[in-house]
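User: Please take a close look at the largest nonpolar core of this model. Which residues have the most contacts inside it, and which helices and strands supply it?

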Amino acid sequence: MFVAISTSYATASSLYQQQRYDSYILFSLSQYLVSSSENKNVYIFGATEHSLSSKTAMKAFPVINYVKNNYYDMTLSQALTNNGVKNVHFSSKSRAISTDLAKKACIGEANKVYSTPQYSIYSDGDDLLIYLGNSNCK
């Protein structure tokens with residue numbers, strides 16, 4: 001009984017903290033993209049890192065890793081669109097473009113225009129790439 005309650009609490013707490021962490025990233029990105037006067041196509045690559053709370057909970061309860069809800073290209077593209085960011089692209093074709101842009105970013109062919117510990121933004125012609133995560137180019 002104790003294990004079931006502990007696992008439930010840890011899972012709920014971890015998901016809540018991850019949602020708060022991802023919301024910070026969403027609003028930071030939204031603010032940057034809406035305030036910039038560039039009218040470029042926006043593509044997303046990667047996924048957000050785990051929040052510190054989620055990392056801690058996953059050490060004790062590895063099952064939490066299977067119910068995580070980090071932002072990734074599809075979910076973040078929808079959230080950015082809902083927050084007023086224009087020209088956000090997501091589709092199977094867009095995923096191929098974002099993968100190509102990520103490769104360019106990794107080899108230095110794309111210009112890094114903004115960076116935080118949670119994400120980086122690269123520019124390549126008429127395209128912007130949001131590269132999620134703090135360990136780019138693995």
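Analyst:
**The largest nonpolar core**

In this predicted model, the largest nonpolar core consists of 17 residues, and those with the most contacts inside it are Leu29, Leu33, Leu76, Leu80 and Ile130. At least two residues of this core come from each of helix H1 (2-35), strand S1 (41-45), helix H3 (73-82), strand S3 (119-124) and strand S4 (127-132). The most is given by H1, with four residues.

Leu80 can serve as a point of entry. Neighbours within four places in sequence set aside, Leu80 is in contact with Leu26, Leu29, Ser30, Leu33, Ile44, Val85, Val88 and Ile130. Apart from the largest core lies another one, of eight residues, which include Tyr43, Ala110, Leu129 and Tyr131.

The packing of H1 against H3 can be described next. Their axes come within 10 Å and cross at roughly 55 degrees. Angles of 65 to 115 degrees would count as roughly perpendicular and those under 35 degrees as roughly parallel, so H1 and H3 are oblique to each other. Their crossing is right-handed. On the H1 side the contact is made by Leu26, Leu29, Ser30 and Leu33, and on the H3 side by Leu76, Ala79 and Leu80. Sorted by type, the residues of the contact of H1 with H3 comprise six nonpolar, one polar and no charged. As a general background, nonpolar side chains in soluble globular proteins tend to be buried together.

Key:
Residues are numbered from 1 along each chain as its sequence is written. This is a predicted model: local features need pLDDT of at least 70, side-chain atom pairs count only at pLDDT 80 or more; totals for chains, interfaces and linings use all residues. Side-chain values use heavy atoms; hydrogens and water are left out. A nonpolar core is a set of buried Ala, Val, Leu, Ile, Met, Phe, Trp, Tyr and Cys residues joined through side-chain atoms within 4.5 Å. Buried means under 20% relative accessible area, exposed over 50%, partly exposed in between (1.4 Å probe, protein chains only). Contact means heavy atoms within 4.5 Å. Axes are lines fitted to C-alpha atoms, for helices over the stretch in contact, and angles run from 0 to 180 degrees between N-to-C directions. Angles under 35 degrees count as roughly parallel, over 145 as roughly antiparallel, 65 to 115 as roughly perpendicular and the rest as oblique. A crossing is left-handed if the near helix is turned anticlockwise from the far one by less than a right angle, and right-handed if clockwise. Ala, Val, Leu, Ile, Met, Phe, Trp, Tyr, Cys and Pro count as nonpolar, Asp, Glu, Lys and Arg as charged, and the others, Gly among them, as polar.
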